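Please work through the exercises below with the sequence and the structure open beside you. Each task is followed by a solution that goes step by step.

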Amino acid sequence: MPSVELWDAHAVHLLTCCALVLALAHPVAPSSRGAMAPAPTPNAPASATPTVQSPATTPAPVPVTPTTPAPGPAPHVWNVEYILWAPDCKQHGMIGINGAFPGPTITAYAGDLITVVVNNKLHTEGVVIHWHGIKQIGTPWADGTASISQCPINPGETFTYEFKADKAGTYFYHGHFGMQRAAGLYGSLIVLDRDDPFEKDPMYAGDLNMLLSDWYHEAVYAQAAGLERKDDHFQWVGEPQTLLINGKGQFGCTLGDVGKFQKGIHRDATKCDRRDGERVEAACDAGCERKGKGSEAEKEKAACEDEKAENCGVVRRSECGPFCRETQCGPVVFDVEPGRTYRLRIASTTSLSALNVQVQGHKLTVVEADGNLVEPFDVDDIDIYSGESYSVLLNTTAAKQVSSPSYWISVGVIGRRPRTLPALAVLRYAGSKNELPAGVPPATPAWDDVGRSKEFAKKLKARAGPGYRAPPGTTRVHRTIAMLNTQELVDGQIKWAINHVSLSLPATPYLGAYAYGIQGQVFDTTPAPATFHSSYDIEKPPQEQKPEAVQPVTVSDRVYTFAHGEVVDVVLQNADMRKHGVSESHPWHLHGHDFWVLGYGEGRCDPEQDLKNKEFINTVNPPLRNTAVLFPHGWTALRFVADNPGVWAFHCHIEPHLHMGMGVVFAEGMEERRLRELKLKVPREAIMCGKTALAAMARPLAPAATSPSPSP
Ligand code: C2O
Ligand code: CU
């Protein structure tokens with residue numbers, strides 16, 4: 001575990017101070033706030049890191065002075081709060097950071113220590129933030145997954161994330177509690193390379209950053225409630241209302257010429273009308289003069305003011321119509337110089353949608369996927385699923401040949417029948433006026449052409465060189481786990497399940513349970529199933545299987561456990577959903593690791609045969625990634641080395657799917673002898689809730705270094 005030295009000094013310090021505080025604050029009973037509440041630490045010194053700050057102490061964010069010299073940028077201090085925002089020109093309540101949406105972009109250099117002080121200013125819910133793509137080597141408690149790596153930060157409290165930017169690349173961060181990501185809690189995380197291969201190109205002019213997302217007008221609480229309803233009352237979230245580029249989009253209208261540019265959109269899209277915006281603005285500015293005397297005139301004036309308040313709110317708050325750059329709803333304009341090379345960093349944190357990205361009149365060269373360099377290849381467009389990121393090089397046209405001063409960047413839905421208009425941004429050449437490009441934006445490819453998407457996925461090959469190592473050979477694989485993805489009915493609820501087990505997280509985080517040796521009290525320690533029945537027919541829905549092919553479906557918090565250093569193959573197996581012949585794409589994301597994407601296949605995988613077949617499997621230069629797509633009715637084979645002790649989520653990155661149980665948990669390197677070390681190093685604030693808090697109170701002052709190993 002490199003980088004753990006960083007933790008030693010203050011971990012010990014924290015251990016003593018917090019154990020003391022705990023003992024003082026709660027000599028007998030747990031907090032009345034119940035199992036989920038971390039024990040308050042009112043006397044926690046501001047110099048300790050991480051810190052939990054109780055509401056009773058000063059509410060101002062406490063900048064942290066780490067006890068170890070921290071290389072890298074100054075700490076980021078964030079207030080996570082409810083905000084009113086109009087990301088698509090319609091105002092809604094969202095979760096923002098420091099009063100804005102999306103959250104601030106974090107930029108660091110590889111090797112830097114990133115410190116983020118998160119103040120939870122949400123009055124009614126806990127919060128955690130996950131750093132998607134950061135491996136958290138030696139800092140599993142900083143992964144930001146509620147119920148897995150830490151307790152949610154309570155309203156009014158503070159938690160400090162401190163972790164190493166282990167590898168240069170394009171990443172992002174997002175909430176990982178309930179459906180908070182879909183509520184807008186996300187932002188970009190860019191890790192730069194001090195020795196960047198692309199910057200060496202004399203034509204290189206810089207990075208353009210594009211964070212893609214989708215946006216629903218319905219609040220996530222309502223979305224979640226709909227997904228949990230029973231029997232025929234289940235309510236799917238449906239397609240998003242708007243696609244956002246860097247948090248900006250235009251609801252129900254498009255900046256470019258309407259029509260033809262995406263097949264399958266079944267609603268009357270209109271071209272965004274600036275004049276309309278201006279007209280409304282003028283009306284809003286006109287004021288409500290009192291015409292005449294008496295109570296009638298008074299009433300009229302009041303009615304006028306009411307009407308104004310209602311109609312002008314949105315426009316006012318977003319300042320002007322959709323064509324104004326300063327507005328919260330865009331459009332996004334990327335300014336470029338002719339004849340240069342730009343690195344376009346594209347990441348997708350959509351709740352649901354898979355996307356296709358095109359830049360009118362420009363070819364793209366794919367060079368990075370999920371923070372790993374790939375063998376460059378040229379494309380006209382890229383597919384990007386939720387949880388993925390890419391860097392593409394874009395060469396701007398030489399000055400003499402620039403035919404149009406600006407070009408469309410078009411982002412449309414693929415993989416599901418679109419109901420959402422493509423999002424548009426502008427690539428604007430220097431010297432051109434702030435006008436929108438001429439012509440029709442590039443058409444999104446047919447949404448149901450899965451073959452196209454697979455072809456794109458298969459083009460990715462690792463780029464040899466420092467930072468890449470080929471996977472251990474197939475003969476060195478310790479375990480192969482097959483994971484059948486099905487949609488099932490459990491007690492009237494529609495759930496996603498892996499080998500007939502649907503994930504529901506425990507109230508107490510796994511990591512704390514391991515640190516305190518109370519696994520059995522916190523979750524079901526029966527090993528999660530590593531296979532499914534050989535007679536399961538993936539061309540049929542679960543309810544039409546032969547009885548022997550299916551196990552009863554359970555909702556459970558079981559985990560897969562791996563010994564330190566095990567080489568693991570995972571075969572994700574897709575199948576019919578509950579509807580015959582219907583199977584969806586699922587982007588699976590692993591925390592704490594990159595995996596090698598060995599290959600993709602059709603139908604049912606026979607691991608014995610198929611994983612040795614060079615036709616499907618690449619063990620020479622498979623790409624390292626943290627997210628890989630499982631295509632409809634197919635399989636995807638991954639390999640990783642369990643060399644990062646911690647408890648890690650592995651799940652479908654589609655927010656409602658995860659909410660419906662589409663995930664598993666890997667407990668890695670949690671051998672008895674390591675747990676003592678974990679207990680010593682894990683910041684108490686990360687795990688002091690639920691059963692772990694009770695266990696800590698029962699045994700508060702045992703010096704960790706000499707304590708007998710806890711009995712599970
Ligand atoms: Cu970005 Cu667990 O996910
Ligand atoms: Cu999914």
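## Salt bridges and a sheet

Across the structure, which is a predicted model, there are 28 salt bridges. The exercises take up some of these, together with a sheet and a helix.

**Exercise 1.** Determine which parts of the chain are linked by the salt bridge between D207 and R345, and whether each residue is buried or exposed.

*Solution.* Begin with the side chains, which meet with an N to O distance of 2.6 Å. Next, place the residues in the fold: D207 belongs to strand β9 (residues 204-215) and R345 to strand β14 (residues 341-348), so that distant parts of the chain, 138 residues apart, are linked by the pair. Then turn to accessibility, where buried means under 20% relative accessible area and exposed means over 50%. D207, at 33%, is therefore partly exposed, whereas R345, at 2%, counts as buried. Finally, look beyond the pair, since D207 and R345 belong to a network of salt bridges that also includes D196, R343 and E368.

**Exercise 2.** Work out the strand order of the open sheet of 5 strands, and name its edge strands.

*Solution.* Reading across the sheet gives the order β13-β21-β20-β15-β18, and the pairing is mixed. The edge strands, each of which pairs on one side only, are β13 (333-336) and β18 (381-384). On average, neighbouring strands are turned by 20 degrees against each other, direction ignored. For one pairing in detail, take β20 (residues 406-414) and β21 (residues 423-429), which run antiparallel and are joined by 6 bridges; within this pairing, Y407 has L427 in β21 as its bridge partner.

**Exercise 3.** Describe how helix α5 packs on this sheet, and identify the salt bridge that D383 forms with a residue of the helix.

*Solution.* Helix α5 (residues 450-458) touches β15 (354-359), β18 and β20, and its direction makes about 95 degrees with that of β18. D383 forms its salt bridge with R452, and the closest N and O atoms are 2.6 Å apart. With D383 in strand β18 and R452 in helix α5, the pair links parts of the chain that are 69 residues apart. D383 counts as buried at 2% relative accessibility, while R452, at 21%, counts as partly exposed.

**Exercise 4.** Explain what the salt bridge between K363 and D380 ties together.

*Solution.* The two side chains meet at 2.9 Å, N to O. K363 lies in the loop between β15 and β16 (364-369), and D380 in the loop between β17 (372-379) and β18, so the pair ties together parts 17 residues apart in sequence. K363 is partly exposed at 49% relative accessible area, and D380 is partly exposed at 46%.

Key. Residues numbered from 1 in each chain as written. Chains lettered and ligands numbered in written order. Predicted model: local features only at pLDDT ≥ 70, side-chain atom pairs only at ≥ 80, totals over all residues. Heavy atoms only, no water. Pairing = 2+ DSSP bridges. Helix = DSSP H or I, 4+ residues; strand = E, 2+ residues; numbered from the N terminus. Axes fitted to C-alpha atoms, helices over the stretch in contact; angles between N-to-C directions. Contact = heavy atoms within 4.5 Å. Salt bridge = Lys/Arg side-chain N within 4 Å of Asp/Glu carboxyl O. Buried < 20%, exposed > 50% of the residue type's maximum accessible area, 1.4 Å probe, protein only.
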